[in-house]
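Dear colleague,

I am handing over the structure we spoke about, and it is placed directly below this paragraph. After it you will find my notes on what turned up when I went through it.

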Amino acid sequence: MKLTELALLAVGLSMDAFAVAICKGLSVQKPGWKHYLTVGLWFGGFQALMPTLGYLLGTTFERYITSVDHWVAFVLLCLIGGNMLKEGFSKEQQEESASFGFRSMLPLALATSVDALAVGITFALLPDVHIFRAVGLIGAITFCLSAVGLKVGNIFGLRYKSRAEIVGGIILILIGVKILLEHLGVINF
């Protein structure tokens with residue numbers, strides 16, 4: 001997987017965290033460096049941890065699914081992307097608390113990084129993925145975009161939350177389609 005594809009994947013994965021960080025930004029009068037660091041570490045840390053766990057699961061069961069790995073990657077990325085699109089087009093608003101404590105941040109970090117677990121499984125099935133570079137980039141990009149999301153939410157409100165989820169969903173679906181088409185020999189990038 002090329003660095004540009006990996007960066008796009010990281011941006012797509014981080015859109016859930018970005019959207020939640022926007023909501024957290026709504027709940028803070030004046031965010032300080034501690035707020036930015038907390039949001040970035042929780043979301044970026046879990047976005048790096050979950051694909052690592054997925055990769056370990058995927059390598060454990062790789063021999064059982066190598067004949068259909070491209071389909072697994074395609075289906076997982078499309079399901080994740082489709083769910084993000086559904087959330088992006090949804091009219092429901094979620095209420096976020098102003099707390100940045102363990103009890104508030106842990107469930108949010110877990111919820112926004114579950115899709116990264118599935119991506120980690122996909123990484124195990126792809127021959128050219130360097131897992132440490134991949135999870136480092138995913139974690140770093142999520143850290144930065146979460147901090148930016150906190151500021152955006154504080155300044156602009158919910159205006160960009162849905163758009164972020166829609167963009168993230170489209171990116172993940174396109175990467176899934178590209179993996180499938182490459183394996184089928186339709187395209188060769």
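**Aromatic contacts**

The structure, which is a predicted model, holds three aromatic pairs. One of them is formed by W42 and F46, whose rings are stacked, with 5.9 Å from centre to centre and 15° between the planes. Both residues belong to helix α2, where they are four residues apart, or about one turn of the helix. As background, residues three or four places apart in an α-helix point the same way, because such a helix has 3.6 residues a turn. F46 has a relative accessibility of 17% and therefore counts as buried, the cut-off being under 20%. W42 and F46 also join F102 in one aromatic cluster. A ring takes part in another kind of contact at F100, where the charged end of K24 sits over the ring, 4.8 Å from its centre.

**Salt bridges**

Two salt bridges are present in the structure. In general terms, side chains of opposite charge can pair when their charged atoms come close. E5 forms a salt bridge with K178, and the closest N and O atoms of that pair are 2.3 Å apart. This pair links distant parts of the chain, since E5 lies in helix α1 and K178 in helix α7 (residues 161–183), with their positions 173 residues apart in the numbering. Both E5 and K178 are buried, and for K178 the assignment follows from a relative accessibility of 18%, which is under the 20% cut-off.

K178 also meets E182 in a salt bridge, at 2.4 Å from N to O. Because K178 and E182 are four residues apart in helix α7, about one helical turn separates them. E182 has a relative accessibility of 29%, so this residue counts as partly exposed. Taken together, E5, K178 and E182 are linked in a network of salt bridges.

**Helix α1**

Helix α1, which covers residues 3–26, has 24 residues and reaches 33 Å from its first C-alpha to its last, close to the 34 Å expected at 1.5 Å a residue. The helix nevertheless bends by about 40° at M15. Of the 24 residues of α1, 18 are buried, so the helix is largely enclosed by the rest of the structure.

**Separations in sequence and in space**

Two residue pairs may be useful to you when you look at the fold. E87, in helix α4, is 71 residues from D16 in sequence, and the two C-alpha atoms are 9.5 Å apart in space. With a relative accessibility of 34%, E87 counts as partly exposed, because that value falls between the 20% and 50% cut-offs. S99 and V177 are 78 residues apart in sequence, and their C-alpha atoms are 39 Å apart. S99 is placed in the loop between α4 (69–89) and α5 (102–125), and its relative accessible area of 35% means that this residue is partly exposed.

**Confidence**

The mean pLDDT of the protein is 84, and 92% of its residues reach 70 or more. Among the elements, helix α2 (residues 33–60) has the highest mean pLDDT, at 95, whereas helix α3 (residues 62–65) has the lowest, at 73. The stacked pair of W42 and F46 lies in helix α2, the element with that highest mean value.

With kind regards

Notes: Residues numbered from 1 in each chain as written. Predicted model: local features only at pLDDT ≥ 70, side-chain atom pairs only at ≥ 80, totals over all residues. Heavy atoms only, no water. pLDDT = per-residue confidence, 0-100. Helix = DSSP H or I, 4+ residues; strand = E, 2+ residues; numbered from the N terminus. Phe/Tyr/Trp six-rings, centres within 6.5 Å; stacked < 30°, edge-to-face > 60°. Buried < 20%, exposed > 50% of the residue type's maximum accessible area, 1.4 Å probe, protein only. Lys NZ or Arg CZ within 6 Å of the ring centre and 35° of its normal. Expected span 1.5 Å × (residues − 1). Bend = angle between axes of the 7 residues up to and from the residue. Salt bridge = Lys/Arg side-chain N within 4 Å of Asp/Glu carboxyl O.
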